[in-house]
Each structure stands twice: as C-alpha cells, then as structure tokens.
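Visitor: I have a chain open here and would like to talk it through with you. Could we start with a detail of the backbone and work outwards from there?

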Amino acid sequence: MMRWFLWSLVGVLIGILAHLVSVIGLPRLSAQTGFQRIAVLARAGGFAILPADKTPLPMPDPAIITAFCRYDLASGAVRLHVPVSSGFLSISFYTTAGLNFYALTDRAAANGAIDLTLYTPAQLAQVRANEGPDQPGAPRLQAPQDRGLVVLRALIAEPGEKAETESALSAARCDVARR
C-alpha cells in the first residue's frame, strides 16, 4: 500500500511541475504578443472594429463586437470618446505585455458617451497642477506605460441592434488630446 501511495505522490508532483513549467514558459516561447498581433490590425490613434466573424480571436462570441485602439503617449495625452448604444459596452486598458490596468462599463457614461483622457504619470501630475482635480464627467487616467491598447467590447443583445452597435463603435475616437 505504501508503494502505491509513493508512486501516486510522485505522479502528482510531476504533473504539477509540468503544469507550472508550461504555464510560466509558454508566454515566453510565443512568437508574438497580443499587442504585436493587434498592431497590424489597428492603426495608432484610431479604433479598428473587428466583427465576430472576422476576429483573430479563437472561438469568438458572435454577439460581441470588438474594437481596438493602439495608443502612444509619447506624443501627448490620448483622449477617448466612446458613444454608448442600448447594449452592454466595456472598455479595457492594457499594457503592451497584456496586463489589464483599468476597465469600465457603459454605466460610467455621462450624456450618452464615455469621455476620458489617458496620461503618463508626468503628464497627469502637470495637468492636475495646472487645472486642479479631475472632473466627474471626464476622468483622467494614468497609464503605467507610454504605449498600450484600448479594447472595446459591445454586446449585440438582439440581431436588429447590430447596425446601431457598429455605428456607435465606428463613432468612437481615440486620438491625441489637443490643448
């Protein structure tokens, strides 16, 4: 009985070790990061809409329309304006390594749109020193890196809402803020 227990323990430990090595090592072995794959689809400073039937994501949900925007804060702050439609909408912010650093939903919308500005830490400190604290209708967000990705996901609740949802996403803007 002891021999069976020992072999079982060794098998479990080998399984755990193999799992950890694959989970930790696989991202380092990947040829491209998600940011690099999206870079060819979305130009910097604007949203690229990817319907569910044309997305590079595996097994996408056909009721979700995804839009991407690459940003680069080296040339200045980036202002986002995203009109909301009748369906659910989420906005997620990612670093180039794929780490999510902020997310919000359509519930944050004021006057039918979500407006916010993305800054580097230095830019945000300067703006707050010059203009004071954040305003409730137009929050300021600090990005951990100069470059990153904004991902919009919109739910099409009913087939008849697809055109409205795509229209709202095509009106979304992601551009360098003008002073």
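Visitor: Which residue takes a positive phi just after helix 3?

Guide: In this predicted model, the residue is G132, which follows directly after helix 3 and has a phi of about 90°.

Visitor: And the helix before it, which of its residues are buried?

Guide: Helix 3 covers residues 121-131, and its buried residues are Q123, L124 and V127. Viewed down the helix axis they fall within an arc of 95°, so they line one face of helix 3. The other side of helix 3 carries A122, Q126 and A129, which are exposed.

Visitor: Why would residues a few places apart end up pointing the same way?

Guide: An α-helix has 3.6 residues a turn, so residues three or four places apart point the same way.

Visitor: What do the buried residues of helix 3 pack against?

Guide: They pack against two strands, namely strand 6, residues 113-119, and strand 7, residues 140-142.

Visitor: Okay, salt bridges. How many does the count come to?

Guide: The count comes to one salt bridge, and it is formed by R140 with E131, whose closest N and O atoms are 3.1 Å apart.

Visitor: Is R140 buried or exposed?

Guide: R140 counts as buried, at 12% relative accessibility, whereas its partner E131 counts as partly exposed, at 44%. The cut-off for buried is under 20% relative accessible area, so R140 falls in that class.

Visitor: Switching to helix 4, which residues are buried there?

Guide: Helix 4 runs over residues 162-170, and T165, A168 and L169 are buried in it. Seen down the axis of helix 4, these buried residues also lie within an arc of 95°, so they line one face of the helix. The face of helix 4 turned away from that buried side carries the exposed residues A163 and S170.

Visitor: Against which strands does that buried side pack?

Guide: The buried residues of helix 4 pack against strand 1 (47-50), strand 2, strand 3 (78-83), strand 4 and strand 8.

Visitor: Strand 8 then, how does it pair with strand 2?

Guide: Strand 2, residues 64-72, and strand 8, residues 147-155, run antiparallel and are joined by nine bridges. Within that pairing, R70 has L149 of strand 8 as its bridge partner.

Visitor: And what about strand 4 and strand 8, how many bridges there?

Guide: Strand 4, residues 89-95, pairs with strand 8 over seven bridges, again in the antiparallel sense, and the bridge partner of S92 in strand 8 is V151.

Visitor: Staying in strand 4, what does Y94 touch?

Guide: Y94, which has its place in strand 4, is buried with a relative accessible area of 18%. Not counting residues up to four places away in sequence, Y94 touches Y71, L99, N100, F101, G148, L149, V151 and R153. The C-alpha atoms of Y94 and Q145 are separated by 9.5 Å, although these two residues are 51 residues apart along the chain.

Visitor: What about T66, is it buried or exposed?

Guide: T66 is found in strand 2 and counts as buried, at 7% relative accessibility. Its contacts, leaving aside neighbours within four places in sequence, are A48, I49, L50, V151, L152 and R153.

Visitor: Now the outside. Which residues make the nonpolar surface patch?

Guide: The patch is made by M1, M2, W4, F5, L9, V12, L13, I16, L20, V23 and I24, and its area is about 1,200 Å². One of these residues, L9, is found in helix 1, which spans residues 2-29, and L9 is partly exposed with a relative accessible area of 39%.

Visitor: Last bit, the overall picture. How many helices and strands are there?

Guide: The chain has four helices and nine strands, and from the N terminus on its elements run α-α-β-β-β-β-β-β-α-β-β-α-β. Buried residues make up 35% of the 179 residues, and the accessible surface comes to about 11,100 Å², with 61% of that belonging to carbon and sulfur atoms.

Visitor: And the contacts, what share join residues at least 24 apart?

Guide: Among contacts between residues at least 6 apart in sequence, 67% join residues at least 24 apart.

Conventions. Residues numbered from 1 in each chain as written. Predicted model: local features only at pLDDT ≥ 70, side-chain atom pairs only at ≥ 80, totals over all residues. Heavy atoms only, no water. Buried < 20%, exposed > 50% of the residue type's maximum accessible area, 1.4 Å probe, protein only. Arc of directions from axis to C-beta. Contact = heavy atoms within 4.5 Å. Patch = residues over 30% accessible without salt bridge, like charges linked within 9 Å, V, L, I, M, F, W, Y side chains within 5 Å. Areas by Shrake-Rupley, 256 points an atom, 1.4 Å probe, with all protein chains shown as cover. Salt bridge = Lys/Arg side-chain N within 4 Å of Asp/Glu carboxyl O. Pairing = 2+ DSSP bridges.
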